Amino acid sequence: MTAARTTTLLFGAAAAMAALLVAPQAGAAEPVAPGAPGEKSTWAPADKHGFGTSRTPDSEVWFTLRPGELSEVYYPDLGTPALRDLEFVVTDGAGLVERTSESGGSTAAPDARVPAYEQVDESPTGRWRMVRSYVTDPGRDVVLVDVRFTSLDGRPYSVHAVADPALSNEGDDDRAALGESDLVASDGAAALSLAADTGFDDRTVGHLGTSDARTDLLADGDLDARHAAAGPGNVVLAGRLAGITGVGDAQEAVVALGFGADTGAASTAATGSLRDGFDTVAAAYTDGWHRYVDGLHDAPDSAAGIADAYWASVVVNAASEDKRNPGAFVASPSMPWVWGQEVDDLSSPSGAYHLVWSRDLYQHATALLAAGDRAAAERALDFLLLRQQRPDGSFPQNSDVTGATVWENLQLDEVALPLVLAWQLDRTDQQTYDRVKRSAEFLLGYAGERPAPWSPQERWENQSGYSPGTIAAEVAGLVCAADLARRAGDTASADRWLATARDWAGRIEGWTVTTTGPLSPEPYYLRLTKDGDPNAATVYNVGDGGADLDQRAVVDPSFLELVRLGVRKADDPVVRNTLAVVDRELGVQTPNGQFWHRFTDDGYGEDATGGLWRLTDPGSQQTTGRAWPIFAGERGEYELLAGDGDPAGRLQAMADSANDGLMIPEQVWDQHAPSGEPDFPTGEGTYSATPLTWSHAQLVRLAWSIDAGHPVERPSVVACEFLREDC
């Protein structure tokens, strides 16, 4: 994009501000699109191949990418999707209709330190090539797309930009209209503008599936109907890019998606970014990320062979923080398994992953702390203690980005891990200690169905019981809190908390290690016990559509939290035996390395055809949980402490599980159908949350841990107390 070209806009600020004044195209457009409200709005699949935003707080917009398209855009915060997708449709006027979203193209981050991406798509019939680059404007709420189109056969083509708004996390109540030069949509709380620096030769709005341009074009390759207004309903905006004819050399246009409180603000934002030009905006975007990365530690030596995966993981974690609510890092900018279906128990139309979990936030914070961004870890702790913590010291299962509780359930590891983080950050100020004390007292005093360390939910959020992983976090949290209390002069609290931690630590095996289980003649840790008796043949449903099983037959890699947090030695015989059991029962060898399932008979994953995970009756076993890359990272941390194994190989496996946009998934295809079939490559991402920011955080942490020779986030005060190490 040349500087001269960026000044040849077909509209100015005054015209953009007039976007609300809807005027039909002369002699072409019907006043109102028929077929309202259109098909039900859904979200795009969760396998994202790109995720970006600027480093500036002035730009409150985030984008995601899937193959061949821009998928959800978030505005004005990272908990609120505002667009379902933007794709491009190529026609030739003679019946050819081809969509970039179906071309099977590639996505790449040319510089892994910057979340700016290039998508390359080619015609399935070999007729054209399109390259698109994506950034956000650091000074405005705008996503810019640089489109470069080449006819490969010398014939003329038309390129249509098609956008499906879903403002305010709901796509079924939007209105759309033609602006003076752009197209706009709004819902009363937010608005967007679809504009291009070349302008549009043809524009229309309609209702999805009944009167929208995509449906119209797919029918016969021609835009037969044009409408000036649509809605309320599931509206779609479309425009044929002026200046892209396919004749001659590669042709170029810049498309802007501007957002604002109303259509005037959205159009003004889009106009301003187009006036500055893609090159200028992209340079500012890149400079902002380079300044951020330059302020971090250099990449650890262990990441020399996976530098792109390392920096992409740092960037994914940094980009996952909300800008209106500093310290609120979301679990994933995606909505796994909710497109095309109703999910009645989720608390927002788009699902749950762009909420904030205390446990996931601990992962973000410790990874960014290791990478050199201490300020981000401090913001995360402040969010936890000052925004998310309840008055009684507990933490909700999750919250939105403002800290407001969404899911009400209680998981005691989520109460404990903020205490560990406070200790890791050496936070001894009075305000922090007051909040730490609340949570420590809550742990001591919790008496639900059973007293702590029994937890109403464990790490995987679908079972109550005595979980070794959860108990490890509780014990570590109390020891860390006790140390902070002693330094604050509160020795009475320190003594009580430490005494409880010692008591619980001494009883872990009695609660969670079976000597009568069917998986080994030697003792091994269970996923959990419902009743604190690991030798009892207590049957429970493992959750997420899994089976009803004897608790002695269910294992989980999460017991390694006992070692990572310093409660048990790596060479403990029960730990060693449980590793063997877990590897046999849950381990999966893939072309990208070894990964593990969450627990025995996990059902949280796709069905045998690759169809979506869905809520099913307990024991239905209609879906299958797949293997998780995070466990490769956790195994690598364990192996550092054990002094054996292959931590570097675990790091490589995590990096290899990433897709072409360097996004690491929540789950990869495993040994169960349809894994290994075309489109379901074993060891690569499923339709689960991608990127899962926990996966990226674990990669960063393992890389630094390999250089350090031990897990960098291990609280030495805990290891000193129970193992007499790191004292």
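Trp337 and Trp613 are both buried, where buried means under 20% relative accessible area, exposed over 50% and partly exposed in between, using a 1.4 Å probe on protein chains only. They also form an aromatic pair, with 6.0 Å from centre to centre and 55 degrees between the planes, which makes the pair tilted. For such pairs, the rings of Phe, Tyr and Trp (its six-membered ring) must have centres within 6.5 Å; planes under 30 degrees apart count as stacked, over 60 as edge-to-face and the rest as tilted. Trp337 sits in the loop between helix H5 (307–319) and helix H6 (358–371), and Trp613 in the loop between strand E23 (593–596) and helix H15 (630–642), so their pairing ties together parts 276 residues apart in sequence. Helices (H or I, at least four residues) and strands (E, at least two) are DSSP runs, numbered from the N terminus.

A quick word on what you're looking at: this is a predicted model, in which local features need pLDDT of at least 70 and side-chain atom pairs count only at pLDDT 80 or more, while totals for chains, interfaces and linings use all residues. Residues are numbered from 1 along each chain as its sequence is written, and side-chain values use heavy atoms, with hydrogens and water left out.

Back to the rings. The structure holds 20 aromatic pairs. In one of them, Phe149 and Tyr157 have ring centres 6.2 Å apart and planes at 65 degrees, so this pair is edge-to-face. Phe149 and Tyr157 are both buried. Elsewhere, Trp460, Trp628, Phe631 and Trp694 join up in one aromatic cluster.

Rings also meet charges here. Arg527 lies over the face of Phe599, 3.8 Å from the ring centre, and the charged end of Lys530 sits over the ring of Tyr540, 5.4 Å from its centre. To qualify, NZ of Lys or CZ of Arg has to be within 6 Å of the ring centre and within 35 degrees of the ring normal.

Which residues touch Gly246? Leaving aside neighbours within four places in sequence, Gly246 is in contact (heavy atoms within 4.5 Å) with Phe149, Ser151, Arg155, Tyr157 and Gln251. So the edge-to-face partners Phe149 and Tyr157 turn up again among the contacts of Gly246. Gly246 lies in the loop between strand E16 (235–241) and strand E17 (251–260), and its 2% relative accessibility counts as buried.

Now for the inside. Nonpolar side chains tend to be buried together in soluble globular proteins. A nonpolar core here is a set of buried Ala, Val, Leu, Ile, Met, Phe, Trp, Tyr and Cys residues joined through side-chain atoms within 4.5 Å. The largest one has 211 residues, of which Leu70, Leu86, Phe88, Leu257 and Tyr310 touch the most other members. Helix H10 (residues 468–487) gives the most to this core, with 12 residues. Beyond its neighbours within four places in sequence, Tyr310 is in contact with Ala299, Pro300, Ala303, Ala371, Leu699, Val700, Ala703 and Trp704. Another core, of eight residues, lies apart from the largest, and its members include Leu208, Leu217, Leu223 and Ala238.

Helix H11 (residues 491–506) is worth a stop. At 1.5 Å a residue, its 16 residues should span 22 Å, and its end C-alpha atoms are indeed 22 Å apart; the expected span is 1.5 Å times one less than the number of residues. The buried residues of H11 are Ser493, Ala494, Trp497, Leu498, Thr500, Ala501, Trp504 and Ala505. Seen down the axis, they fall within an arc of 160 degrees, so they line one face of the helix; the arc is that of the directions from the helix axis to the C-beta atoms. What covers them includes helix H9 (430–445), H10, helix H12 (508–512) and helix H18 (716–723).

H18 has buried residues of its own: Val717, Val718, Ala719, Glu721 and Leu723. They pack against helix H8 (412–424), H10 and H11. Right after H18 comes Arg724, with a positive phi near 55 degrees.

A few backbone details round off the tour. Glu461, in the loop between H9 and H10, has a positive phi of about 70 degrees although it is not a glycine. The peptide bond from Ala673 to Pro674 is cis, with omega near 5 degrees, and another cis bond joins Thr690 and Pro691, with omega about 0 degrees. Pro674 is in the loop between helix H16 (647–656) and helix H17 (693–708), and the loop between H16 and H17 is also the place of Pro691.
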